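Trainee: I should be grateful for a close look at one part of this molecule, namely its largest pocket. Please set the pocket in the context of the whole chain and of individual residues.

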Amino acid sequence: MGKETRLFKSQEKKSREEVSAFLKQLADKITAGQVVLRKGQEEITLEMPFNLVLEIQVEDEDKKQKGIQHSLELEIKWFDSDSPSGPLELG
């Protein structure tokens, strides 16, 4: 198993409408090929390749006193080698 390095993290409460609006904006950025995430002074730019892996997972976790916590996790993955190197050209 390879080493994992966290480059950016954000967690905040939002309304259902705010989450929906954020996901729509994110979808537009993915379609355009570049996603920029900002939180305060922290910023990361992601160049999105043409082919991605979308993983969806639903979980329930018993948080004892708070009850059952439900989660819908969306994960988008890719490898550097998935990025197109450009069209073949003759020199």
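Mentor: The answer below begins with the chain as a whole, turns to the pocket, and then considers single residues.

The model is a predicted one. Its protein chain contains one helix and four strands, and these follow one another along the sequence in the pattern α-β-β-β-β. The overall dimensions deserve attention before the pocket is examined. Along the principal axes, the C-alpha atoms of the protein chain fill a box of roughly 70 × 35 × 25 Å. The radius of gyration of the protein chain is 17 Å, whereas a compact globule of 91 residues would have a value near 12 Å. Buried residues account for 7% of the 91 residues in the protein chain. The accessible surface of the chain comes to about 9000 Å², and carbon and sulfur atoms contribute 51% of that area. As to contacts between residues at least 6 apart in sequence, 35% of them join residues that are at least 24 apart.

Against this background, the largest pocket holds about 2600 Å³ of space. Its lining comprises 44 residues, and those closest to the centre of the pocket are Ser10, Phe22, Leu26, Leu37 and Leu74. Which elements supply at least two residues each to the lining of the largest pocket? They are the helix α1 (16-32) and the strands β1 (34-39), β2 (42-47), β3 (53-62) and β4 (68-77). In chemical character, the lining divides into 21 nonpolar residues, 15 charged residues and eight polar residues.

The elements that contribute to the lining may now be examined through individual residues, beginning with β3 and β4. Ser71 is situated in strand β4. Is Ser71 buried or exposed? Ser71 counts as buried because its relative accessible area is 19%, and the cut-off for burial is under 20%. When neighbours within four places in sequence are set aside, the contacts of Ser71 are with Gln57, Val58 and Glu59.

One of these partners, Gln57, belongs to strand β3. With a relative accessible area of 31%, Gln57 is partly exposed. Beyond its neighbours within four places in sequence, Gln57 is in contact with Ser71, Leu72 and Glu73. A further distance concerns Glu75: although 18 residues separate Gln57 from Glu75 in sequence, their C-alpha atoms lie 8.5 Å apart.

The loop between β3 and β4 contains Lys64. This residue has a positive phi of about 55° although it is not a glycine. Lys64 is exposed because its relative accessible area is 68%, the cut-off for exposure being over 50%.

Strand β2 offers another view through Thr45, which lies within that strand. At a relative accessible area of 40%, Thr45 is partly exposed. Apart from neighbours within four places in sequence, Thr45 has contacts with Gln34, Val35 and Val36. For one of these partners, Val35, a distance is available: its C-alpha atom is 5.8 Å from that of Thr45, and the two residues are 10 apart along the chain.

Finally, helix α1 includes Thr31. Thr31 counts as exposed, its relative accessibility being 72%. The C-alpha atoms of Thr31 and Pro49 are separated by 9.7 Å, with their positions 18 residues apart along the chain.

To return to the pocket itself, the helix α1 and the strands β1, β2, β3 and β4 each provide at least two lining residues. Among the residues closest to the pocket centre are Phe22 and Leu74.

Terms used. Residues numbered from 1 in each chain as written. Predicted model: local features only at pLDDT ≥ 70, side-chain atom pairs only at ≥ 80, totals over all residues. Heavy atoms only, no water. 1 Å grid on protein atoms, 1.4 Å probe; cavity = no way out; pocket = protein on both sides within 12 Å on 5 of 7 lines; lining within 4 Å. Points joined across faces, edges and corners; volume = space filled by probe spheres on them. Nonpolar A, V, L, I, M, F, W, Y, C, P; charged D, E, K, R; others polar. Rg over C-alpha atoms; globule rule 2.2 N^0.38 Å. Buried < 20%, exposed > 50% of the residue type's maximum accessible area, 1.4 Å probe, protein only. Contact = heavy atoms within 4.5 Å. Areas by Shrake-Rupley, 256 points an atom, 1.4 Å probe, with all protein chains shown as cover.
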